[in-house]
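Got your viewer open? Take this tour one selection at a time, and look around before moving on.

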Amino acid sequence: MKRILFTQSKPPHGSINAQEGLDAILMGSAFAECAVLFQGDGLYQLLKHQQPDDLGTKNFAATFGALADYGVDQIFCTREDLLDRQLDTEELVIPMTTIRQDTICEFISTFDLVLDF
Amino acid sequence: MVLHTLNKLPQSAAAIACLKALTKASKDRDALLLLEDGVYVADKANEALVKQVPVRVYALGVDLEARGLTHRVLQGIEVVSYNDFVQLVAEHKMTKAWI
């Protein structure tokens, strides 16, 4: 089975990238083994207590909680990206595996395909 | 083998993340293609930045020409055509776009 890495690198609500990426992950999970790497400002997608109702955008952060039900349980970020933003994993809607920034190229190369959002 | 592509300005978050990651890349496994605004990374002003990256670096010729950068390209960076771009994508197992 192909292993696909999705990277989520844009913050939520300012553009459609994050939500498009999430939709792609959910679809991808139907036919491949999927993992997700939250990079840089993409981590802000996972912050708890998002209330975009008045903006008119969807609060899709809640949907990340369903990823495990879709068999997507490999969720990664770098500890450097967390530290740069003073984010604690407790403040995020799903648990993450942290990897080291200096291993990121090697990490990416272990997949069959990478799709960037 | 992974072809990394960068289409953002040198000071952008995407470029900073990309170049930081590539400082720990492997010459045998990774390569970097600069295109669109990413070609500004190939400018001689960014020698120190590019020197830290131990992989082969390519820059798309049309994007350099459009921006008046052709004569300012750092030595060691290979200027490529659209055909070369396709060739590079085909040669590598996958493409990682730093967007």
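Start by selecting B:T5. It is buried, because 23 other C-beta atoms lie within 10 Å of its own, and 20 or more is what it takes to count as buried. Keep in mind that this is a predicted model, so everything on this tour is computed from predicted positions.

Now color the stretch around that residue. B:T5 sits in strand 1 of chain B, which covers residues 2-6. Which residues does B:T5 touch, leaving aside those up to four places away in sequence? Select B:L33, B:L35, B:T95, B:A97 and B:W98, and you have them.

Next, add B:I99 to your selection and draw a distance line from C-alpha to C-alpha. B:T5 and B:I99 are 94 residues apart in sequence, yet the line between them spans 8.4 Å.

Zoom out to the whole of chain B. You should find four helices and five strands. Trace the chain along its sequence and the pattern reads β-α-β-α-β-α-β-α-β. The radius of gyration of chain B is 12 Å, close to the 13 Å that the globule rule gives for 99 residues, so chain B is as compact as a globular protein of that length. If you want a feel for its dimensions, the C-alpha atoms fill a box of roughly 30 × 30 × 25 Å along the principal axes.

Stay on chain B for a moment. Buried residues make up 39% of its 99 residues. Take the contacts in chain B with a separation of 6 or more: 70% of them are between residues 24 or more positions apart.

Time to hop over to chain A. Show the strands as a cartoon. In what order do the five strands of the open sheet line up? They go 4-3-2-1-5, with parallel pairing. At the edges you'll see strand 4 (97-99) and strand 5 (113-116) of chain A, each pairing on one side only. Turn the sheet to look along it: the twist averages 30 degrees from one strand to the next.

What holds neighbors like these together? Strands of a sheet pair through backbone hydrogen bonds, either parallel or antiparallel.

For a close-up, select residues 33-38 and 74-78 of chain A, which are strand 2 and strand 3. These two run parallel and are joined by four bridges. Within them, pick A:V36 and you'll find A:I75 of strand 3 standing opposite.

Last stop: select residues 17-28 of chain A, which form helix 1. This helix lies across strand 1 (3-8), strand 2 and strand 5 of chain A, and runs at about 165 degrees to strand 1.

Key. Residues are numbered from 1 along each chain as its sequence is written. Chains are lettered from A and ligands numbered from 1 in the order in which they are written. This is a predicted model: local features need pLDDT of at least 70, side-chain atom pairs count only at pLDDT 80 or more; totals for chains, interfaces and linings use all residues. A residue is buried if 20 or more other C-beta atoms lie within 10 Å of its own, exposed if 12 or fewer, and partly exposed in between; C-beta atoms are placed from the backbone. Two residues are in contact if their C-beta atoms, placed from the backbone, lie within 7 Å. Two strands pair if DSSP finds at least two bridges between them. Axes are lines fitted to C-alpha atoms, for helices over the stretch in contact, and angles run from 0 to 180 degrees between N-to-C directions. The radius of gyration is taken over C-alpha atoms; the globule rule is 2.2 Å times the number of residues to the power 0.38.
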